[in-house]
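Hi,

Here's the structure I said I'd pass on. Have a look first, and my notes follow underneath.

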Amino acid sequence: MMDGVIRADPQTPAYALYPDKMDFRHAPETYIFYVEEACACVADAIQKNYQRGGAVLHMRRETGMMHRYACAPVFPESKRDDNRQIPLIREM
């Protein structure tokens, strides 16, 4: 899988491909809302690298929800996270 990404754009730096090499030292305060099954294999590495870089990350993991659940305020969980992210988007 990574070979496909590298071949698609040979300019892609390694830190963008491998979560254990990601560098978030100058990242802005970041909010992530996702379905746990979608990227559970990299979530801990991303969170660790935000901490190591001194950047602020707010990660909301929701189990058993559909992809992009926080964009469809239908269920109690999606309504809650939609209500959290809309003000953040409006502030941008």
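Tyr-50 is buried, with a relative accessible area of 6%. Buried here means under 20% relative accessible area, exposed is over 50%, and partly exposed is in between (1.4 Å probe, protein chains only). Before going on: this is a predicted model, where local features need pLDDT of at least 70 and side-chain atom pairs count only at pLDDT 80 or more, while totals for chains, interfaces and linings use all residues. Residues are numbered from 1 along each chain as its sequence is written, and side-chain values use heavy atoms, with hydrogens and water left out.

Back to Tyr-50: leaving aside neighbours within four places in sequence, it touches Phe-24, Ala-27, Pro-28, Thr-30, Ala-55, Val-56 and Leu-57 (contact means heavy atoms within 4.5 Å). The count of aromatic pairs comes to one. The rings of Phe-24 and Tyr-50 are stacked, because their centres are 4.1 Å apart and their planes sit at 20°. For the cut-offs, rings of Phe, Tyr and Trp (its six-membered ring) pair if their centres lie within 6.5 Å; planes under 30 degrees apart are stacked, over 60 edge-to-face, and the rest tilted. Phe-24 is in the loop between H2 and S1 and Tyr-50 in helix H3, so the pair ties together parts 26 residues apart in sequence. Helices (H or I, at least four residues) and strands (E, at least two) are DSSP runs, numbered from the N terminus. Phe-24 also counts as buried, at 16% relative accessibility.

Both rings belong to the largest nonpolar core, nine residues in all: Met-22, Phe-24, Tyr-34, Ala-43, Ile-46, Tyr-50, Ala-55, Leu-57 and Met-59. Helix H3 (36-52) and S2 each supply at least two of these residues, and H3 gives the most, with three. A nonpolar core is a set of buried Ala, Val, Leu, Ile, Met, Phe, Trp, Tyr and Cys residues joined through side-chain atoms within 4.5 Å.

Asn-49, also in helix H3, is buried with a relative accessible area of 1%. With neighbours within four places in sequence left aside, Asn-49 is in contact with Pro-19, Asp-20, Lys-21, Met-22 and Phe-24.

Pro-19 lies in the loop between helix H2 (14-17) and strand S1 (30-35) and counts as buried at 16% relative accessibility. Beyond neighbours within four places in sequence, Pro-19 is in contact with Val-42, Ala-45 and Asn-49. The C-alpha atoms of Pro-19 and Gln-47 are separated by 9.5 Å, with the two positions 28 residues apart along the chain.

Cheers
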